[in-house]
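Here are some notes to read with the model open beside you. Take them one at a time and find each spot on screen before you move on.

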Amino acid sequence: MDNGLEKRYGLLTAIAMVVGIVIGSGVFFKAEKVLTATGGNLSLGILAWLLGGLVMILCAYNFALMATKHEKVSGVVDYAEVLVGGRYAYFFAWFAAVIYFPAMTSVVAWVAARYFGVLMGWEIVGPQVMTLSGLFLVGSYVINALAPKLAGRLQVTTTAAKLIPLFLMAIFGTIFGLKNGILVENFTTTAVHTFTSKNPLFTAVVGTCFAYEGWICATSINAELKDAKKNLPLALIFGSAFVVLVYILYYIGLGARIAFETVFMQLGGTLLFIFVVISCLGTLNGLMMACTRAFYAMGVRDEGPRPQVFKVVDTVTKMPTNSALIGLMMAMLWLTYFYGANLAPKPWFGPFCFDSSELPIVTIYAMYIPIFVMQMKKEKELGFFYRVVVPALGVIASAFMVLAAIVSLRKAVLYYLILFAVLMGIGLLLKNYGHEEE
């Protein structure tokens with residue numbers, strides 16, 4: 001399959017994409033939820049981060065094995081096609097294009113604008129922050145659609161910058177926490193005595209899933225990665241393991257809390273927030289890299305609505321510009337939904353208001369399960385460990401994340417699944433739309 005895309009990215013960009021997308025808004029956005037859900041119990045919070053990280057590593061390792069064998073257009077969609085079938089791959093690609101990538105991208109754009117708004121003294125649900133969210137989406141789209149090589153360099157640069165606040169919190173928070181005895185106390189007692197959920201561990205794990213999510217987006221540049229069969233597995237494995245280590249160190253430092261009060265106020269809270277905004281923008285850039293390629297992944301297979309339009313690659317930028325444009329439009333729609341469901345003074349969608357930063361992630365884990373099952377069935381040349389044990393662990397990890405969501409979110413899951421079914425039904429109707437004109 002001639003995908004028409006240029007081999008422009010190396011191993012460093014791929015690792016930066018994994019680390020840069022995963023480490024970003026989520027750890028700042030969801031760490032507070034984990035602290036609250038676990039009542040401030042540091043041991044229980046660390047367990048939640050470990051479980052969420054283990055799910056990510058097990059799934060990433062499975063896809064790393066697939067990446068050593070299959071190199072086509074769009075990573076995870078390729079694996080779904082080879083192992084489960086073309087029909088399943090289409091619905092996976094459709095889900096990624098209309099729900100997963102744009103929903104994640106829109107939330108991260110708002111989080112970046114939110115932290116910038118804090119710097120400026122704006123209300124986080126005010127018109128300034130929402131306008132800036134849209135501008136961040138457009139800016140990220142322009143960089144990815146018109147200057148994809150610059151987007152790759154930006155991913156490497158922001159990945160380095162975003163590690164600064166995390167390491168500061170991990171180091172100074174731990175040092176001051178040990179010095180003042182707060183860290184030891186938080187390991188043995190609860191700092192917050194009111195739990196927000198009857199299932200604090202599951203609630204916390206679901207919170208971490210957003211912080212850990214994004215690694216799968218690295219597979220979207222599979223066709224543009226030099227020596228992808230070697231570099232993509234390395235990026236997935238080393239990037240994922242590094243993220244888990246950094247998150248746990250950060251959370252331990254955050255648990256001490258003394259760092260914010262004694263260190264960062266002295267160093268300058270403004271500087272810290274600037275690094276947080278840079279971190280969020282790096283995550284946004286990586287997600288937009290995947291978002292702009294989502295409809296292309298269907299079009300190049302001659303599937304989905306008007307594939308002859310979305311598989312077109314610009315001769316100058318070597319980017320699927322039509323796919324990029326509709327990717328931006330989908331992200332804008334999800335940004336509007338996120339505001340109406342979670343930020344508006346009065347919810348716009350009644351019972352269909354849910355956190356679009358969490359439930360689409362849980363869905364994608366459910367969609368990994370058939371891929372892992374068929375991996376066990378079809379990859380007969382692999383040894384027992386890689387063919388059976390590793391995919392089975394991936395199934396268990398994915399099923400655990402789905403169970404955690406059902407237990408902790410309950411009714412929200414039901415209403416989300418109704419919306420999911422409607423959007424997938426639209427995908428079925430549009431599967432062959434416009435093909436007769438080819």
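The points below go from the core to the rings, then to some loops and a pair of helices.

1. Before anything else, keep in mind that this is a predicted model. Everything below describes that prediction.

2. Let's start inside. The largest nonpolar core has 114 residues, and the members that touch the most other members are Trp49, Phe63, Phe95, Phe295, Tyr365 and Tyr368. Which helix gives this core its largest share? That would be α5, covering residues 86–120, with 23 residues in the core.

3. Click on Phe295 next, one of the well-connected core members just listed. If you skip its neighbours within four places in sequence, Phe295 is in contact with Trp94, Ala97 and Val98, and also with Pro305, Phe310, Ser323, Ile326 and Met330.

4. Cys291 is worth a look too. You'll find this residue in helix α12 (residues 269–291). Its relative accessible area is 1%, and buried means under 20%, so Cys291 counts as buried. Along the chain, Cys291 and Thr105 are 186 residues apart, yet their C-alpha atoms are separated by 7.6 Å. Thr105 is also among the contacts of Cys291, together with Phe101, Pro102, Ser323 and Gly327, once neighbours within four places in sequence are left aside.

5. Now for the rings. The model holds 23 aromatic pairs. Take Phe385 and Tyr386: why is this pair edge-to-face? The ring centres are 5.2 Å apart and the planes sit at 85 degrees, and planes over 60 degrees apart count as edge-to-face, so that is the label this pair gets. Phe385 is partly exposed at 44% relative accessibility, and Tyr386 is partly exposed as well, at 36%.

6. Ring pairs also build a cluster, and it's a fun one to colour in: Phe95, Tyr100, Phe101, Trp334, Tyr337, Tyr339, Trp348, Phe349, Phe354, Tyr416 and Phe420 are linked this way. You have already met Phe95 in the core and Phe101 as a contact of Cys291.

7. Two rings have a charge sitting over them. The charged end of Arg114 is over the ring of Tyr115, 5.5 Å from the ring centre. Lys431 lies over the face of Tyr90, where the distance to the ring centre is 5.3 Å.

8. Is Ser356, in the loop between α15 (321–343) and α16 (359–378), buried or exposed? With 0% relative accessibility, Ser356 counts as buried. Not counting residues up to four places away in sequence, Ser356 touches Ala103, Met104, Val107, Trp334, Tyr337, Phe338 and Asn342. Trp334 and Tyr337 belong to the ring cluster as well.

9. Check the backbone in the loop between α13 (294–299) and α14 (307–310), where Asp302 lies. Most residues other than glycine have a negative phi. Asp302, though, has a positive phi near 60 degrees. Arg306 is in the loop between α13 and α14 too, and its phi is positive, near 45 degrees. Both residues are partly exposed: Asp302 has a relative accessible area of 35%, and Arg306 has 25%.

10. Last stop: how do helix α17 (residues 384–409) and helix α18 (residues 411–429) cross? Their axes come within 6 Å and cross at roughly 115 degrees, so the two helices count as roughly perpendicular to each other. Where they meet, Ala405, Ile406 and Leu409 come from α17, while Lys411, Ala412 and Val413 come from α18.

Key: Residues are numbered from 1 along each chain as its sequence is written. This is a predicted model: local features need pLDDT of at least 70, side-chain atom pairs count only at pLDDT 80 or more; totals for chains, interfaces and linings use all residues. Side-chain values use heavy atoms; hydrogens and water are left out. Rings of Phe, Tyr and Trp (its six-membered ring) pair if their centres lie within 6.5 Å; planes under 30 degrees apart count as stacked, over 60 as edge-to-face and the rest as tilted. Buried means under 20% relative accessible area, exposed over 50%, partly exposed in between (1.4 Å probe, protein chains only). A charge sits over a ring if NZ of Lys or CZ of Arg is within 6 Å of the ring centre and within 35 degrees of the ring normal. A nonpolar core is a set of buried Ala, Val, Leu, Ile, Met, Phe, Trp, Tyr and Cys residues joined through side-chain atoms within 4.5 Å. Helices (H or I, at least four residues) and strands (E, at least two) are DSSP runs, numbered from the N terminus. Contact means heavy atoms within 4.5 Å. Axes are lines fitted to C-alpha atoms, for helices over the stretch in contact, and angles run from 0 to 180 degrees between N-to-C directions. Angles under 35 degrees count as roughly parallel, over 145 as roughly antiparallel, 65 to 115 as roughly perpendicular and the rest as oblique.
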